[in-house]
Amino acid sequence: MNNREIAEIFHSIADILEIKAENPFRIRAYRKAAQVIEDLSQPIKDIHTNGKLPNIPGIGEGIAGKISELIQTGKLKEYETIRKSVPSGLLEMLNISSVGPKTVALIYKELGITSVKELEKAAKDHKLAKFPGMGEKKEENIIRGIKILRETKERIPIYEAELIAKNIISLLKKVPAVDKISIAGSLRRRRETIGDIDILVASDKPAEVMDSFTTLPQVNQILAKGSTRSSVRIEGGRQVDIRVVQTDSFGAALHYFTGSKTHNIRIRELGIKKGLKINEYGVFKRSKLAEEDKKIAGREEIDVFKSIGMPYICPEIREDRGEIEAGLSGTLPKLIEIADLRGDLHIHSNWSDGTNSIEEMAEASIERGYQYIAICDHSKSLRVAGGLDEGQLIERQKKIDKLNNKYKNFQILSGIELEIHINGKLDFSDDILETLDVVIGAIHTGFSQDENVNTARIIKAMENRNVDIIAHPTGRLLGKREGYKIDIPAILKAAGDTGTALEINAFPERLDLADIYLQEAKEKGAKFAINTDAHSISQLDFTKFGIGVARRGWLEKQDVINCLNIDELQKSLEKARERSTHHYPPGQKKTDLI
DNA sequence: GCCGTTTTCGGCCCGACTGTTTTCAGTCG
């Protein structure tokens, strides 16, 4: 049973307990545990085996016991019991907007409704309005909520969300009443996928802002409209929330509206201990008479942190994954920034499946301030992507040499995205690979091999001294395909041992390696390369999404090889090649197992 | 159910909007 499956069970338990109106804090504990498990970089069964479950914050004796039971028996008796007390259709109903646990409990108890479909019929037949707290509007909202539930994809890629947000912000910036405006929520934290889009505005004329917002051309439906908060649904079904505060509350509101929820709760708890109340309007010194609380901060976001004795914590790491503790102990990382990148080490050209020429990609990279790029076209066996054979590689080299003579202070590195075959063999011989500046090992075939095969094939490639980087290490496509089955901790360790860098592929639907693995990889000594995998000039701008992932993974400039200048990079690649060669003594290769 | 330089028991973040009420519960972020 893997992490996600276990997390889902705890989420379900929380849902069931909510319908049963159990202690809200107990419910919160289950949700917190589920979240923590989802964010783990290691398989929880390994942590269990090592007896380290109690070390995970948010997992206490009770839940640790339940995890044990799930791992050992594949089942949880208590879960089996309580799930029988509540039809599974009720849990699905919780996904309907405007329907919560109380509504679900009521309609189940009074009408015996156990599915979304039955609920829809009951609402249409006006069978709900007669109950206390229900009415015609509520019925309408339920019908609408069900329609939206069926039409809307749960989360969208960050790329798409950012386009929507930027578009709305550019329109709102033209509104005179808007003093300040910012993206907030998970988009500001640079999560890989986004649910709702959150926007914060500072204004002393909130009503004008709300009117402008709710009458934007892309708004399909107004879900709520108040004096400080409004929600709309736009074309395509996505929900956009806006919050308006006075300018002197903008910082506190930005902190609150950025989240994450668990981060906010932790910050506010720390505030309580210091006799402070922290909300979206500011930081307040608590007095005995509640109405006399004195505001001590709010204009700037950093002051929220300062008020509880902490330095600024960047949005990307506000996930309650240790940033609070690091803030208190003064050990926060200095996160990598986009300006730290000196080049892009994974770019395709029209020699394989890219749309632009090497020269065009180079010129566009110079414009972006890079010192170098590596052209890494596909290798010969990936015919569908126009993979290059040995002869074409020589031809391409001539072209690159010619261009390099032309540029000053910029260098095109000759590279390859090299197919790693199912048996771990590489697409080119070592003699050929020796001639290349950058070799990125990649898997594009044989996804369905079992975990041992895939793990061994990647590690075998890493052990080859000429392989510098592993492309999109897990092969996932967000919302479309899970990664291939691999032993991720083993891959991370091998990266540290062999000096082979792990790619953080910035392509919005890859974002692979994912943020949750980066800290562990770093602890194991791994280095990273943030690459766009661009197949055209415009895709060179995907860098920002890769940087977002790296920052969420707490990476610093020195962890990423393409922050090095060209001389340092070349030395570093050479050094890593030596490590690959010397790491495993002859006859002791792990991969001899296959 | 978790957690602890105020606590091993008694707390657990804080507020806005809607709909159905006539003061508030439910939902949501």
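**Exercise 1. In which loop is Asp 533 found?**

Solution. Start with the neighbouring elements: Asp 533 belongs to the loop between S17 and helix H23 (543-552). Next, look at the backbone of this predicted model. Asp 533 is not a glycine, and yet its phi is positive, at about 60°. For background, most residues other than glycine have a negative phi.

**Exercise 2. Find two cis peptide bonds and place each of them in the fold.**

Solution. Step one takes us to Gly 259 and Ser 260, which are joined by a cis peptide bond with omega of about -5°. Ser 260 sits in the loop between helix H13 (250-258) and H14. Step two moves along the chain to Asp 512 and Leu 513, where the cis bond has an omega of about 15°. Leu 513 is part of the loop between strand S16 (501-505) and H22. As a reminder, most peptide bonds are trans.

**Exercise 3. Work out the strand order of the open sheet of 7 strands, and explain why its edge strands have a free side.**

Solution. Reading across the sheet, the order is S11-S12-S13-S14-S15-S16-S17, and the pairing is parallel. At the edges stand strand S11 (343-347) and strand S17 (528-531). Each of these has a single partner strand, so one side of each is left without a neighbour in the sheet. Now zoom in on one pair: strand S14 (residues 438-442) and strand S15 (residues 469-470) run parallel and are linked over 2 bridges. In one of these pairings, Gly 441 has Ile 470 of S15 as its bridge partner.

**Exercise 4. Describe the overall build of chain A and judge how compact it is.**

Solution. Begin with the inventory: chain A holds 24 helices and 17 strands. Then compare the radius of gyration, 27 Å, with the 25 Å that the globule rule gives for 594 residues. The two values are close, so chain A is as compact as a globular protein of that length. To picture the extent, set the C-alpha atoms in a box of roughly 80 × 60 × 50 Å along the principal axes.

**Exercise 5. Characterise the protein surface near DNA strand B, then pick out polar contacts to the strand.**

Solution. First, count the surroundings: 52 residues surround DNA strand B, and the closest are Arg 28, Thr 103, Gly 135, Arg 268 and Arg 286. Of the atoms of DNA strand B that come within 4 Å of the protein, 76% belong to sugar and phosphate. Second, sort the residues of this surface: 17 are nonpolar, 16 polar and 19 charged. Third, inspect individual contacts:

- Gly 100 places a polar backbone atom 2.8 Å from a phosphate oxygen of the strand.
- Thr 103 has a side-chain N or O atom 2.4 Å from a phosphate oxygen.
- Arg 268 reaches a base oxygen, with a polar side-chain atom 2.5 Å away.

**Exercise 6. Which elements give two or more residues to the lining of the second largest pocket?**

Solution. Size comes first: this second largest pocket has a volume of about 810 Å³. It is lined by 28 residues, and those closest to its centre are Asp 39, Leu 40, Ile 56, Pro 57 and Arg 321. The elements asked for are helix H2 (24-38), helix H14 (261-273) and helix H22 (515-523). Among the contributions, the largest share is that of H22, with 5 residues. Finally, check the chemistry of the lining: 7 residues are nonpolar, 9 polar and 12 charged.

Methods:
Residues are numbered from 1 along each chain as its sequence is written. Chains are lettered from A and ligands numbered from 1 in the order in which they are written. This is a predicted model: local features need pLDDT of at least 70, side-chain atom pairs count only at pLDDT 80 or more; totals for chains, interfaces and linings use all residues. Side-chain values use heavy atoms; hydrogens and water are left out. On a 1 Å grid over the protein atoms alone, a cavity is a set of points where a 1.4 Å probe fits but cannot get out, and a pocket is an open set with protein on both sides within 12 Å along at least five of seven lines; lining residues have an atom within 4 Å of a point. Grid points are joined across faces, edges and corners, and a volume is the space filled by probe spheres set on the points. Helices (H or I, at least four residues) and strands (E, at least two) are DSSP runs, numbered from the N terminus. Ala, Val, Leu, Ile, Met, Phe, Trp, Tyr, Cys and Pro count as nonpolar, Asp, Glu, Lys and Arg as charged, and the others, Gly among them, as polar. A residue is near a molecule or strand if one of its heavy atoms lies within 4 Å of it. A polar contact is a pair of N or O atoms within 3.5 Å; within protein, one must be able to donate a hydrogen and the other to accept it, and residues adjacent in sequence count only if both atoms are side-chain atoms. Two strands pair if DSSP finds at least two bridges between them. The radius of gyration is taken over C-alpha atoms; the globule rule is 2.2 Å times the number of residues to the power 0.38.
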